Amino acid sequence: MMDFPGFLKLPLAGWIDSAVSWIVVNLGAILDVIGDVLLGVLVAFERALLWLPWFVVLIGVAVLAWFAIRKWWAPVLLGGFLVIIGSFGYWDLAMMTLALIFAAVVISLLIGIPTGIAMARSDTFAGVLRPILDGMQTMPSFVYLIPALMFFGLGKVPAVFATVIYAVPPVIRLTNVGIRGVSQSVIEAAKAFGATSRQILWEVQLPLAFPSIMVGINQTTMMALAMVVIASMIGARGLGMEVLLAINRIEVGRGFEAGLSIVMLAILIDRITHALAARQQHTKPSH
Amino acid sequence: MAEEEQGSTQILDADREVCVEVRNLWKVFGPNPRQVVEDPELRNASKDRILQDTGCVVGLRDVSFEVRRGEFFVLMGLSGSGKSTLIRCVIRLAEPTAGSVLINGDDIVPYDDDKLGELRRSTTGMVFQHFGLLPHRSVLDNVAYGLKVRGVPEAERYERAQVYIEKVGLKGWEHHLPAALSGGMQQRVGIARALTGDPEILLLDEPFSGLDPLIRRQMQDELMDLQAELQKTLLFVTHDLTEALKVADRMAIMRDGEIIQIGSPEEVITNPSDSYVRQFVQDASPTKVLTARSVMEQPPVLLYSWQGPKAALQILRDANVDSAFVVARKGRLLGMVTVEGLVRLIRRRGTRLRDALDPDLATCSADAVVEDLVPMVAASRYPVAVVDEDERFLGEVYVSTIIATMIREQEEEEEEEEEKASVEQAEVVDEDTGVTREDSSPTGDSGEGAKS
């Protein structure tokens, strides 16, 4: 009597299962194309980062840190992080992790920015999308792994796929917020001078929403990094895999080294993208 | 010939072709706005009833007016009167619910986006209350924006923008961002931007409302100078009657989405169509409304350049004054002489009045408002001479008159503050104003003020 009535069972799990199976069976070709694209992007980044000699990457990061942050300690500290990661013997794994993050971020932006623009332009679309984004962000990230695994098998591709799903909401949201936040008086003025909606988008809305979009990019990057460890459970190589191995073998020291490397990578990426985003807000016109 | 031309300027205005014509324009906000326009009973119902019956708010109700080419036309009303909606409907930044807007005889309401864009690019320019400048672009880029939208190449649009940047006095600021400029300067950018496309019609939506009073007056003057030079057709929205009276060739007064009076500023002031307009007119401060023409007086004596100094001195003594204006042939004002000046001239054995002129001379045009005369009388001990365009002497304004006007204004402001609580009741305010004005005696005060 006190138990929840058993006949009210909603067979959602069954529906989802059959939907996923149906997709795997009937949309295999599309999944293959998506998989090829994801793999292509990832492999391109991975090859490039592993091909570059370590000191080139190190100098590149130091220069970027200086350019973004403009403080003397930035290239020293952030470059130092990379040296420490290398000294743990994790250079190649760190580069693979970086490649996975870059690939996921690039794909997230390609999907997220246009989606954010569409969301800003249509209240109906925004209304439909908002709860989906909420769901994507609150759903435990492990849950994405299962369909990703079923769609793309083990390896790098499902890792990128799951990372994109997890990391894309912030850039969609912040693109939407940025564009909606552009002052109506500026848009009205552009209209009054006969600007087309495309001109308004490219010359008014996107430039003015840019600081907000940059914050979105920063957050998306951090989300992608957070997903990397989890994605290693389905076979993505990198620092996450190392953590996972250390947990399985209960090797505290090794786990700590790998974990610390991820933390330093996170700080490095966050400080640089954050500073770039902040810099955009004070940009002077070009002439 | 010359006289005929002068006398017929008003008639010429009426003959000029119509540039913008608004016919039976409606704007209704809310669900299914057309039901209000199409239902013959609702069309004439009160705003409140329409809101109750349909949930619709009437923004503009059956508005019609026309603006002639080269005319400075002002739409005036309090906030919520529909004036901003109306000016937006003219280039369809707001979509009219019914009615037509004819620009150069062509109804633009059925235009599709392409034709509408073309109209906005080629024929109209607009200035906004909140400037609407692109914050991430330089002043130069902002001014050139209209040309960029048209696809004019960069070099050409910068060259043309530069002309108008200099016209509005912003030379040297081209490469600054708008945020580095004061409000008044930002609005100059807005005006330059609207002018750079060389539009026939300029729409200005409360362009000066956000500026402080001193800058506002200066900007009005500059806009009028620009208008005299460029001869655009101007549609200007304001809630400030003083501003409307100053700049308008003709004005329309709006209330609750309807136009309740159209006419020249003089017509509106002298013949307010109802109590609403009357109250509006009463609120205008006299120093800003009264012109030199309306407060000037004829001097007791006037000297002529061909009179000798001794005769002139005698005339002044007979009239018991110690200074007088001197005019040449055709009434052209030469200057003023004082008793002291004449005495000195006679001692030097001079014969020509010209040699005794006091350099300390203040003149103004007949259209100058009293407020503009204040700095002049502050600098001069003598009355201000009122002259026409040909320097002909029309009359003089005494310091005491100006001060009396200012005192009257101050008293009214004080009353206004007392009455603020009951502003809604127009008739009550009217009575009170009359009563309080009788109690005070501004003439006594003004006499003292004139001496000091």
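Two strands count as paired if DSSP finds at least two bridges between them, and strands themselves are DSSP E runs of at least two residues, numbered from the N terminus, just as helices are H or I runs of at least four. Okay, with that out of the way, let's look at chain B.

Quick housekeeping. This is a predicted model, so local features need pLDDT of at least 70 and side-chain atom pairs count only at 80 or more, while totals for chains, interfaces and linings use all residues. Residues are numbered from 1 along each chain, chains are lettered from A and ligands numbered from 1 in the order written, and side-chain values use heavy atoms, with hydrogens and water left out.

So, start with strand β8 of chain B, residues 233-238. What does β8(B) pair with? On the one hand, strand β3(B), residues 72-76, runs parallel to β8(B) over 5 bridges, and L75(B) has V237(B) as its bridge partner. On the other, strand β7(B), residues 201-205, is also parallel to β8(B), again with 5 bridges, and there D205(B) is the residue bridged to V237(B). Add helix α12(B), residues 213-230, and you get a right-handed β-α-β unit from β7(B) through to β8(B); right-handed here means that, with the strands pointing away from you, the path from the first strand over the helix to the second goes clockwise.

Is β8(B) buried or exposed? Buried is under 20% relative accessible area, exposed is over 50%, and partly exposed is in between, using a 1.4 Å probe and protein chains only. By that count 6 of the 6 residues are buried, so β8(B) is largely enclosed by the rest of the structure. T233(B), L235(B) and V237(B) point one way, L234(B), F236(B) and T238(B) the other. That's the textbook pattern: side chains in a regular strand alternate between the two faces of the sheet.

Next, a little open sheet in chain B, ordered β14-β15-β16, with mixed pairing. Its edge strands are β14(B), 363-365, and β16(B), 393-397, each pairing on one side only. β14(B) runs parallel to β15(B), residues 384-387, over 3 bridges, and S365(B) is partnered with V387(B).

And for the cysteine people: C364(B) sits at 6% relative accessibility, so it counts as buried, and C19(B) is buried too, because its value is 0%. How many disulfides are there over all chains? The search of the whole structure finds 0, a disulfide being a pair of cysteine sulfur atoms within 2.5 Å.
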